[in-house]
Structure formats: structure tokens, C-alpha cells
Amino acid sequence: MAKTSAGILLYRRGSRGLEVFLVHPGGPFWAKRDAGAWSIPKGEVDVTEPLEEAAKREFREETGFTVAGEFLALSPLRQPGGKTVHAWAVHGDCDPASLRSNTFPLEWPPRSGKKKEFPEIDRADWFAIDEALRRILPGQAGFLRELATLV
């Protein structure tokens with residue numbers, strides 16, 4: 001069965017017009033990737049958990065921030081790997097320098113037998129839509145395009 005994720009696309013009006021809050025995945029596999037590597041804060045959903053609640057929980061776990069306001073449902077996107085991502089756009093603000101992400105264990109270096117903890121998200125930032133489209137994972141770009149037509 002295909003996996004399902006839920007997330008929040010936080011947006012604001014800034015000096016560069018419409019800006020979105022994106023996060024960069026932590027860990028050694030993503031450390032040197034930038035363009036096409038960023039994401040909305042999101043994560044897997046438990047089948048018993050309402051999608052919007054899962055999106056709020058994942059945002060809090062990955063960033064340390066809570067969101068409130070009007071949640072605008074965006075069209076779900078099927079990712080190249082088969083996962084479906086559900087997202088909600090929310091107007092808000094936060095300081096990327098205050099990011100506090102949960103961590104995950106990984107054997108590193110590979111086949112070393114040593115476990116190391118890595119942040120799930122190693123950095124976050126605000127991007128104007130044009131720049132965000134260059135940074136975001138291609139499978140999530142539809143969320144940015146839809147948001148730009150709605151607000």
C-alpha cells in the first residue's frame with residue numbers, strides 16, 4: 001500500500017512578495033544537495049490520525065513551531081516514489097534561526113556499526129516563489145504553483 005504524508009506550506013507577504021517557508025532534510029545523504037532538495041515540513045500519517053492533525057504534528061516535530069489560522073487545503077500530489085502528500089497552506093511567520101527539529105538514528109559511516117543521531121531538518125528559510133520553485137523537490141512544486149494562484 002502506498003504511503004501517505006501530510007504537511008504545512010507556511011506563507012507570508014514579504015519584501016519579495018509572496019514568500020514560502022521551506023525546510024532542508026538533515027543527514028549525510030542530503031548535506032551537499034540544495035537545488036531540488038528542499039521540502040514543505042511534512043511526514044508520514046498514521047492511518048488513524050486525521051490528515052490535517054498529522055500535518056500540524058509534523059510541522060511542530062520538524063521545526064519546533066506551531067501554526068494557527070485558516071488552513072487552506074491544497075490538491076494532494078502523488079510523488080515519483082508513489083507516496084501521496086496532502087498539504088495545507090497557512091498564512092503565518094516564524095524565524096528560521098529558531099528551528100528545533102527532532103532527530104533520527106542512522107548507521108554512519110555505512111557498515112561501521114556506529115549509530116549517529118541526525119536532525120530530521122538541518123535548516124529552514126523563507127523563499128520568494130521563483131526561488132522556492134528552484135529549491136523544492138520537483139514532486140512538491142505543484143503546491144507552490146497552486147498557492148500562487150490562490151493568494
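The chain has 151 residues, and a compact globule of that length would have a radius of gyration near 15 Å; the value for the chain is 15 Å, which agrees. The model is a predicted one. Along the principal axes, the C-alpha atoms fill a box of roughly 50 × 35 × 30 Å.

Some totals describe the chain as a whole. Of the 151 residues, 45% are buried. The accessible surface comes to about 8100 Å², and carbon and sulfur atoms account for 52% of that surface. The chain carries 21 positive and 21 negative charges, and the mean positions of these two sets lie 7 Å apart. Among contacts with a separation of 6 or more, 68% are between residues 24 or more positions apart.

The secondary structure consists of three helices and nine strands. Read from the N terminus, the order of the elements is β-β-β-α-β-β-β-β-β-β-α-α. Three strands thus precede the helix that comes first in this order, six strands follow that helix, and two helices end the series.

Strand β1, residues 4-14, is a good place to begin with the pairing of strands. β1 is joined to strand β2, residues 17-25, by four bridges, and the two run antiparallel. These two strands form a hairpin, with two residues between them. Within this pairing, Tyr11 has Val20 of β2 as its bridge partner.

β1 also pairs with strands from further along the chain. Eight bridges connect β1 with strand β6, residues 84-91, and here the strands run parallel. Ile8 is part of this pairing, with Trp88 in β6 as its bridge partner. Strand β3, residues 42-44, runs antiparallel to β1 and is joined to it by three bridges. In β3, Gly43 stands opposite Ala6. As a general point, side chains in a regular strand alternate between the two faces of the sheet.

The last stop is a residue outside the strands. Leu99 lies in the loop between β6 and β7, the latter being residues 103-107. Is Leu99 buried or exposed? Its relative accessible area is 19%, and the cut-off for a buried residue is under 20%, so Leu99 counts as buried. Which residues is Leu99 in contact with, leaving aside its neighbours within four places in sequence? They are Glu62, Thr63, Phe65, Ile121, Asp122, Arg123 and Ala124. One of them, Thr63, is 36 residues from Leu99 along the chain, yet the C-alpha atoms of the two are separated by 5.2 Å.

Conventions
Residues are numbered from 1 along each chain as its sequence is written. This is a predicted model: local features need pLDDT of at least 70, side-chain atom pairs count only at pLDDT 80 or more; totals for chains, interfaces and linings use all residues. Side-chain values use heavy atoms; hydrogens and water are left out. The radius of gyration is taken over C-alpha atoms; the globule rule is 2.2 Å times the number of residues to the power 0.38. Buried means under 20% relative accessible area, exposed over 50%, partly exposed in between (1.4 Å probe, protein chains only). Contact means heavy atoms within 4.5 Å. Accessible areas come from the Shrake-Rupley method with a 1.4 Å probe; for residues, only the protein chains shown count as cover. Lys and Arg count as positive and Asp and Glu as negative; His and the chain ends are not counted. The place of a charge is taken as NZ of Lys, CZ of Arg, CG of Asp or CD of Glu. Two strands pair if DSSP finds at least two bridges between them.
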